[in-house]
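Let's take a walk through a protein model together, going from the whole chain down to single side chains. Keep the picture open and turn it as you read.

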Amino acid sequence: MGVRPGRRLLAAVVAVTTGITLVTAPPAVAEASVVDTAKLADVLLAGYVRTIDDTKTYTKHLVASAELLDWHATHPGADQKTLTDHFELVQGAIHDALPERTSLTEDHEIAGAALSVLHTVPDAAVRGPEVGKLLAALIARDVVPPTGSVKDRLESALRISSWRAGLESAQASVWSGVGKTARSDAKFTAAWDDGAGKDIGISARASAVQLSNTTVLQHHLKIEPFLEVQTKPDRLRIVTDEAMADTIRKTVDQRNLWFNELKNAKPEPGKPKEDLEAEQKERQKWIDGAKSALDGYAFFLGAVGDPGAERDLKAFASGALQVATAVNECITAFKAIDAVFSMASVAFTGNVLSAVSTLVGLFASAGPSVEELILKEIEALHKKLDELKENMNERFDAIDRRLSAMYTEIVGQLKRLTGDVTTVKNNLTDVAGQLTRIEDRVDNIGVNVTAALAGLYAKDAWKQADAKIDYLRYHPGDEFTYDMYKQAEEEFHPAGVDLPKSEGAYVPSNERPQRMVRSCRTCVTSGRSA
């Protein structure tokens, strides 16, 4: 039975219509990624440099890179050779001023010294934004205390953790600037790669995947599992939490192993110091690698919209780095101490004390394990001192008995001579004491009055300082007018310029009581001499 023409036509129309619909249907929209791979590369670049460099070299690279960023910004027309030559000049000046065997050991000490070296380099960018951030972080200039009071800021009422967080942020800004500038300027990339990158085996414009796959970071952070779920925030959070928990567990286990090694550390006089330093560097690379991994996890926490967790993890990573570094230095210090203190080992004692004091400062309530270790090391010395003391006591006892007999005879004679003088002396002492107490009360009254007057002079100036400094921080969107500035300046100028020039208030000296007290004391002294 044949198909009717009308049905064949209807089927053809439906088929054509369906085909057109399938062909012209819009493609599925790809899900947006929550991960900014460029910013992730900046985080990994910072971790890479920190891990591959030791503390001194890392800090030198940090300061030189900050200066190059600022110099590049003020010399946009400079060619590649000019940038390279300038970067080499700055790094050479820093290296000459801070050789490898320098007495400075802490990162902030080395950074401060390197920043001061920049002032000796011709045409160096010493007032650029990145150099300025490092300097501000070192002196805690922009860290506002919880009270918000300017007086608290000037009196350094800041926590060490806040200062360390500011320093970490300044470092992150430098490495972020290096990566961002390198991705947009080939001349800058070539200059930085030639001056620093070739020595550490990385390019400033390396991608996040390239950095993660290096031998320096691949054992600590592989980002492929994170990138596979970068379009699924919920899944990315799960992957991040699992990786973070695993790294923290490994870090705690490693910390426990090092603490046990620290407790059992004994002098190894037969082991070259170079070998001990090499072992310390290997431990430090593991510490820095773990810190880089935790910073990467913090980045992913921020990417999924949890800035609080990102901030907390960064703080934990920074604190863990400080503690682990202190323990690492202590292990090397205790192993390098010889049984006999030569002049060379005495010079090394400073490093021991620095490491121990750092560790005790970080763990004030961690228990007496370090003290027990130190006491155990000097127990043998105590025994020898005890033996020496017994021997010396025997010799001195005979002399002491003879001196005691002579002393008893002399004292008996003096008692007979000083019986009457004692009564006079006691009376004079009572008078002198009374005068001294009266004088102290008068002085206290004068000091309190003077302090009150000083407070009145400075009250308005402090009030204006608290109201005007950081005004825009506490009143975002408002305008700081010239009249507001003038009002504050009218208080600041007298307090800062006129007041210091004036004679001010002071406590006058009362010469008469002083003479009386001195006379009494002279009498007492004379009586005692008699």
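Of the 530 residues in the protein chain, 32% are buried. Here, buried means under 20% relative accessible area, exposed means over 50%, and partly exposed is in between, using a 1.4 Å probe and protein chains only. Before going further, a word on what you're looking at: this is a predicted model, so local features need pLDDT of at least 70 and side-chain atom pairs count only at pLDDT 80 or more, while totals for chains, interfaces and linings use all residues. Residues are numbered from 1 along each chain as its sequence is written, and side-chain values use heavy atoms, with hydrogens and water left out.

What is the chain built from? It has 20 helices and zero strands. Both are DSSP runs numbered from the N terminus: helices are H or I with at least four residues, strands are E with at least two. As for the outside, the protein chain exposes about 32500 Å², and carbon and sulfur atoms supply 58% of that. Accessible areas like this one come from the Shrake-Rupley method with a 1.4 Å probe; for residues, only the protein chains shown count as cover. Now think about contacts, meaning heavy atoms within 4.5 Å. Among contacts in the protein chain with a separation of 6 or more, 73% are between residues 24 or more positions apart.

How far can you trust the picture? That's what pLDDT is for: the predictor's confidence in each residue, from 0 to 100. The mean for the protein chain is 74, and 64% of its residues reach 70 or more. Two stretches deserve caution. Over residues 1–26 pLDDT stays under 50, and the model has one contact beyond four places in sequence for them. Residues 338–371 also stay under 50, but there the model has 34 contacts beyond four places in sequence. Where pLDDT is low, the predicted coordinates should not be read in detail.

Let's zoom in on helix α5, residues 107–117. Its buried residues are Ile 110, Ala 111, Ala 113, Ala 114, Leu 115 and Val 117. What do they pack against? Three other helices: α3 (55–74), α4 (80–97) and α6 (129–138).

Helix α4 brings us to charged side chains. A salt bridge is a side-chain nitrogen of Lys or Arg within 4 Å of a carboxyl oxygen of Asp or Glu, and a search of the whole structure finds 13 of them. One links Lys 81 to Asp 85, with the closest N and O atoms 2.7 Å apart. These two both lie in α4, four residues apart, about one turn of the helix. An α-helix has 3.6 residues a turn, so residues three or four places apart point the same way. Lys 81 is exposed at 58% relative accessible area, whereas Asp 85 is partly exposed at 37%.

You can find the four-apart spacing again in helix α12 (233–263). Arg 237 pairs with Asp 241 in a salt bridge, the closest N and O atoms being 3.0 Å apart; being four residues apart in α12, they're separated by about one helical turn. Arg 237 is partly exposed at 27%, and Asp 241 is partly exposed at 28%. Further along α12, Lys 250 and Asp 246 are also four residues apart, and their side chains meet in a salt bridge of 3.3 Å, N to O. Lys 250 is partly exposed at 42%, and Asp 246 is partly exposed at 30%. Elsewhere, salt bridges that share partners join Arg 50, Glu 168, Lys 291 and Asp 295 into one network.

Is Thr 247, also in α12, buried or exposed? At 10% relative accessibility, Thr 247 counts as buried. Thr 247 touches Ala 293, Leu 294 and Tyr 297, leaving aside residues up to four places away in sequence. With Tyr 297, the side chain of Thr 247 makes a polar contact of 2.9 Å. That term means a pair of N or O atoms within 3.5 Å; within protein, one must be able to donate a hydrogen and the other to accept it, and residues adjacent in sequence count only if both atoms are side-chain atoms.

Last stop: the loop between α12 and α13 (273–303), where you'll find Glu 268. Glu 268 is partly exposed, at 29%. Lys 335 is 67 residues away along the chain, yet the C-alpha atoms of the two are separated by 5.4 Å.
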